[in-house]
Amino acid sequence: MMAFSAAFSTSYTLQSSLVCTQNSNPLSLNTSLLFPPQVGKKLVHQPLRYKGLSPKKRFGEIKASIKWEKGFKKVEVFSKEHLAVSLAYDVAQLSNKFTKERGAFTVVLSGGSLIKYLRKLVEPPYIDSIEWSKWHVFWVDERVVPKDHLDSNYKLAYDGFLSKVPIPAVNVYAVDDALPADGAADVYETNLRRLVKSNVISTSNSGLPKFDLMLLGMGPDGHVASLFPEHPLLKEDQKWVTFIKDSPKPPPERITFTFPVINSSSNTAMVVTGEGKSSAVYSALEDGQKTDKLPVELVSPEGELKWYLDIGAASKLFKD
Ligand SMILES: O=C(O)[C@H](O)[C@@H](O)[C@H](O)[C@H](O)COP(=O)(O)O
């Protein structure tokens, strides 16, 4: 079934080719030799599951805009290296826009593999050009463990990203690890309310926190944040931040943003890699139904949503 049509470009996009030429990473250079930049050239207009575009052909980058009932869903498919390059470029653009417009840039991090895809941000040109002092960093979910525990999303982000960029420590809003799950969730929500009031975080029309950028990962079961398939928390619409004590993915105790907050964001990046997630990606993009069997289908932000996929995660979107 072809549920929607898409405009493809098998060439580099303008943004990636610009970043690649600035980048001294040897892998980027090799790949750009294999796939020379043909900036902005649209080669074909075909449905997403287009026979000629098998992931086995190892395109450097395949870009697709998928037509969706309510407009366009942006999906880009990359090699893992180019995913990091493109994500860094987009994050830097947004940082620039929001720091200029509102003097602050509010960014929400997830746990999992997302952090390693931020790795290009800690290198030139971004390390020196981003206004790090304007960043405010939050977590969409956190495990109820000490901050120095291997399971801590704070530790993951600190070791892989935050320790390498000059974001002021007061702008890094870690979950309180001295409190039990319910208390930590309440305190985090109270802090969000304070920051909304003081306008550090923008407000949506319905009075919810409107983060400038929400960086989400997705599990193979389609979970996002700590919102798992068929869990009652998927329907939570009063609290901004809540807790779970029976997470099917260990550790069992976590705190998490709720969908109303996730969906109020100005910009959302779904960063999803690995073939193990291809079925969930396929269902989320193909049928457009919203069920609590696949929480990612409930990600439906007021602002922009863009999917960053690697070839494995996108593999079911292609016809062999
Ligand atoms: O705390 C968590 O467990 C994460 O925030 C979680 O929601 C994560 O983003 C996904 O499980 C994807 O993780 P991977 O990218 O590592 O598969």
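In the predicted model, helix H3 comprises 23 residues, for which a rise of 1.5 Å a residue gives an expected span of 33 Å. The C-alpha atoms at the two ends of H3 are 32 Å apart, which agrees with that expectation. The helix covers residues 80-102, and a number of its residues are buried: His82, Leu83, Ala84, Val85, Ser86, Leu87, Ala88, Tyr89, Val91, Ser95 and Phe98. Asp90 also belongs to H3, but this residue has 18 C-beta neighbours inside 10 Å and therefore counts as partly exposed, since burial requires 20 or more. The C-alpha atom of Asp90 is separated by 16 Å from that of Phe211, a residue 121 positions away along the chain. After H3 comes Gly103, which has a positive phi near 70°.

The protein as a whole contains eight helices and 14 strands. Of its 320 residues, 44% count as buried. Among the contacts with a separation of 6 or more, 78% are between residues 24 or more positions apart.

Strands of a sheet pair through backbone hydrogen bonds, in either a parallel or an antiparallel arrangement. The parallel arrangement is found between strand S5, residues 105-109, and strand S6, which are joined over five bridges. Within this pair, Leu109 has Trp139 of S6 as its bridge partner. Strand S6 spans residues 135-139, and four of its five residues are buried, so the strand is largely enclosed by the rest of the structure.

The antiparallel arrangement is found in an open sheet of three strands, whose order is S7-S12-S11. Strands S7 (141-143) and S11 (241-244) stand at the edges of this sheet; each has a single partner strand, so one side of each is left without a neighbour in the sheet. On average, and with direction ignored, neighbouring strands of the sheet are turned by 20° against each other. The pairing of S11 with S12, which consists of residues 254-257, extends over four bridges and is antiparallel. Here Thr242 is placed opposite Thr256 of S12. Helix H6, residues 181-197, packs on the sheet and touches both S11 and S12. The direction of H6 makes about 165° with that of S11.

Pro209 is located in strand S9, a strand of residues 209-210. This proline has 24 other C-beta atoms within 10 Å and is therefore buried. When residues up to four places away in sequence are not counted, Pro209 touches Leu192, Val196, Ile201, Thr203, Trp240, Val261 and Ser264. Leu227, by comparison, is 18 residues from Pro209 in sequence, and the C-alpha atoms of the two are 18 Å apart in space.

Around the ligand there are 14 residues, of which Gly111, Gly112, Ser113, Gly217 and Gly219 come nearest. Sorted by class, this shell is made up of four nonpolar, eight polar and two charged residues.

The backbone also shows several less common conformations. Most peptide bonds are trans, and most residues other than glycine have a negative phi. The bond from Pro124 to Pro125, however, is cis, with omega near 0°. Pro125 is part of the loop between S5 and helix H4, the latter formed by residues 126-129. A cis peptide bond likewise joins Pro250 and Pro251, where omega is about -5°. Pro251 occupies a place in the loop between S11 and S12, the two strands that pair over four bridges.

A positive phi is found at Ala225, about 45°, although this residue is not a glycine. Glu230, which is not a glycine either, has a positive phi of about 60°. Ala225 is placed in the loop between strand S10 (213-216) and S11, and Glu230 likewise lies in the loop between S10 and S11. Their surroundings may be set side by side. Ala225 counts as buried because 28 C-beta neighbours lie inside 10 Å, whereas Glu230 is exposed, with 12 other C-beta atoms within 10 Å.

Notes
Residues are numbered from 1 along each chain as its sequence is written. This is a predicted model: local features need pLDDT of at least 70, side-chain atom pairs count only at pLDDT 80 or more; totals for chains, interfaces and linings use all residues. Two strands pair if DSSP finds at least two bridges between them. Axes are lines fitted to C-alpha atoms, for helices over the stretch in contact, and angles run from 0 to 180 degrees between N-to-C directions. Two residues are in contact if their C-beta atoms, placed from the backbone, lie within 7 Å. A residue is near a molecule or strand if its C-beta atom, placed from the backbone, lies within 6 Å of it. Ala, Val, Leu, Ile, Met, Phe, Trp, Tyr, Cys and Pro count as nonpolar, Asp, Glu, Lys and Arg as charged, and the others, Gly among them, as polar. The expected span of a helix is 1.5 Å times one less than its number of residues.
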